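User: I would like to go through the terms used for this model and see what each one rests on. Please set each value against its cut-off.

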Amino acid sequence: MNQIVRFDKVVKSFGAAQVLRGVSFTVERGQVAALIGRSGSGKTTALRCINGLETVQGGELHVCGREMHASGVDLHALRKEVGIVFQSYNLFPHMTVLQNVTLGPRKVKGMARDQAETLGMQMLRKVGLEERAGYYPEQMSGGQQQRAAIARSLAMEPKLMLFDEVTSALDPELTGEVLRVIESLAADGMTMVLVTHEMEFARSVADQIVFMHQGVVWETGGGDLLDQPATPELRQFVGNGL
């Protein structure tokens, strides 16, 4: 199964507002796909559909071999394979960083504590937080908390990682910390879909850039898409974004 994600004319509405109006694109195993576009273009809704946080109302969506458009999708099983990191870190404040990271493997996968802690330390090492394992979230910067949130998702050993504007609340220095972690995941071959406003980052890391506009995929291509937009809409977006 080389296609990890396949959108085929996906439709999604909230009340009378149609947010996704026939979205189609695919993400292959090991690819990094960056969803870009203005606020309200549908990119975050598309991301949330991948993880089953929003239900598909039309078309077909396949994720890790599962039919997300069908009834009775086992979301519990899906979320063992699909990790998601949000703008807000959502770390439990009363738990240490290591406890936050090991909670999923222990509670969801039934992993023994010592095994989970070994795995947790490996993930913290991967995001450069090994020395912060015993800290509580409030003792760390926003960038460190976001990296801990990434480690928590990685500890579930997912097939696919989703990132929803994970740097939007961070200053430029902390943004760089988090983007370097995502770059290293890309280098390791992790399949990722990320919603981002970081155009230079998208250009350098993404195998595929998906420009969404008014609820549809307006343009798609590699990093050079941002250098040579085919439509006035993307040209204007890139001009404003850079």
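Analyst: What follows takes the sheets, one polar contact, the pocket and the cavities in turn; the model is predicted.

User: What makes S4 and S5 a pair of strands?

Analyst: Two strands count as paired if at least two bridges are found between them. Strand S4 (residues 58–63) and S5 have 2 bridges and run in the antiparallel sense, so they meet the cut-off of at least two. Within S4 and S5, Val 63 stands opposite Arg 66.

User: Which sheet do S4 and S5 belong to, and which strands are its edges?

Analyst: They belong to an open sheet of 4 strands in the order S2-S1-S4-S5, with antiparallel pairing. Strand S2 (17–28) and strand S5 (66–67) are the edge strands, because each pairs on one side only. Helix H1 (residues 43–50) lies across strand S1 (3–14), S2 and S4, and runs at about 120 degrees to S1.

User: How do you know that S9 and S10 pair?

Analyst: Strand S9 (residues 208–213) is joined to S10 by 5 bridges; the rule asks for at least two, so the strands pair, and they run antiparallel. Val 210 stands opposite Thr 220 in S10. The hairpin of S9 and S10 has 2 residues between the strands, and Gln 214 takes a positive phi near 55 degrees there.

User: What is the strand order of the sheet that holds S9 and S10, and what makes a strand of it an edge?

Analyst: The order is S6-S7-S8-S3-S9-S10, an open sheet of 6 strands with mixed pairing. S6 and S10 are its edge strands, since each pairs on one side only. From one strand to the next, the twist averages 20 degrees. H5 packs on this sheet and touches S6 and strand S7 (160–164), with its direction at about 170 degrees to that of S6. Helix H6 (residues 172–187) also packs on the sheet, where it touches strand S3 (32–36), S7 and strand S8 (191–195); the direction of H6 makes about 150 degrees with that of S8.

User: Why is the pair Asp 227 and Arg 203 called a polar contact?

Analyst: The cut-off is a pair of N or O atoms within 3.5 Å, one able to donate a hydrogen and the other to accept it. The side chains of Asp 227 and Arg 203 are joined at 2.3 Å, so the pair falls within that limit. Asp 227 lies in the loop between strand S10 (216–221) and helix H8 (232–241). From Val 195, Asp 227 is 32 residues away in sequence and 19 Å away in space, C-alpha to C-alpha.

User: What makes a space a pocket, and what lines the largest one?

Analyst: A pocket is an open set of points, with protein on both sides within 12 Å along at least five of seven lines. The largest pocket holds about 490 Å³ of space. It is lined by 18 residues, and Arg 79, Val 108, Arg 152, Ser 153 and Met 156 lie nearest its centre. Helix H2 (75–81), strand S6 (82–85), helix H3 (97–107) and helix H5 (142–154) each give two or more residues to this lining. By class, the lining has 8 nonpolar, 7 polar and 3 charged residues.

User: Why is a space called a cavity and not a pocket, and how many cavities are there of 30 Å³ or more?

Analyst: In a cavity a 1.4 Å probe fits but cannot get out, whereas a pocket is open. The structure holds 2 cavities of 30 Å³ or more. About 60 Å³ of space lies in the largest cavity. Among the residues that line the largest cavity are Phe 163, Leu 179, Leu 194 and Phe 201, and H6 and S8 each supply at least two residues of the lining. That lining divides into 7 nonpolar, 2 polar and 1 charged.

User: What lines the second largest cavity, and which element gives the most?

Analyst: The second largest cavity has about 30 Å³ of space. Its lining includes Ile 84, Phe 86, Tyr 89, Arg 152 and Ser 153. H5 gives the most, with 3 residues. By class, the lining of the second largest cavity has 5 nonpolar, 3 polar and 1 charged.

How values were computed
Residues are numbered from 1 along each chain as its sequence is written. This is a predicted model: local features need pLDDT of at least 70, side-chain atom pairs count only at pLDDT 80 or more; totals for chains, interfaces and linings use all residues. Side-chain values use heavy atoms; hydrogens and water are left out. On a 1 Å grid over the protein atoms alone, a cavity is a set of points where a 1.4 Å probe fits but cannot get out, and a pocket is an open set with protein on both sides within 12 Å along at least five of seven lines; lining residues have an atom within 4 Å of a point. Grid points are joined across faces, edges and corners, and a volume is the space filled by probe spheres set on the points. Ala, Val, Leu, Ile, Met, Phe, Trp, Tyr, Cys and Pro count as nonpolar, Asp, Glu, Lys and Arg as charged, and the others, Gly among them, as polar. Contact means heavy atoms within 4.5 Å. Axes are lines fitted to C-alpha atoms, for helices over the stretch in contact, and angles run from 0 to 180 degrees between N-to-C directions.
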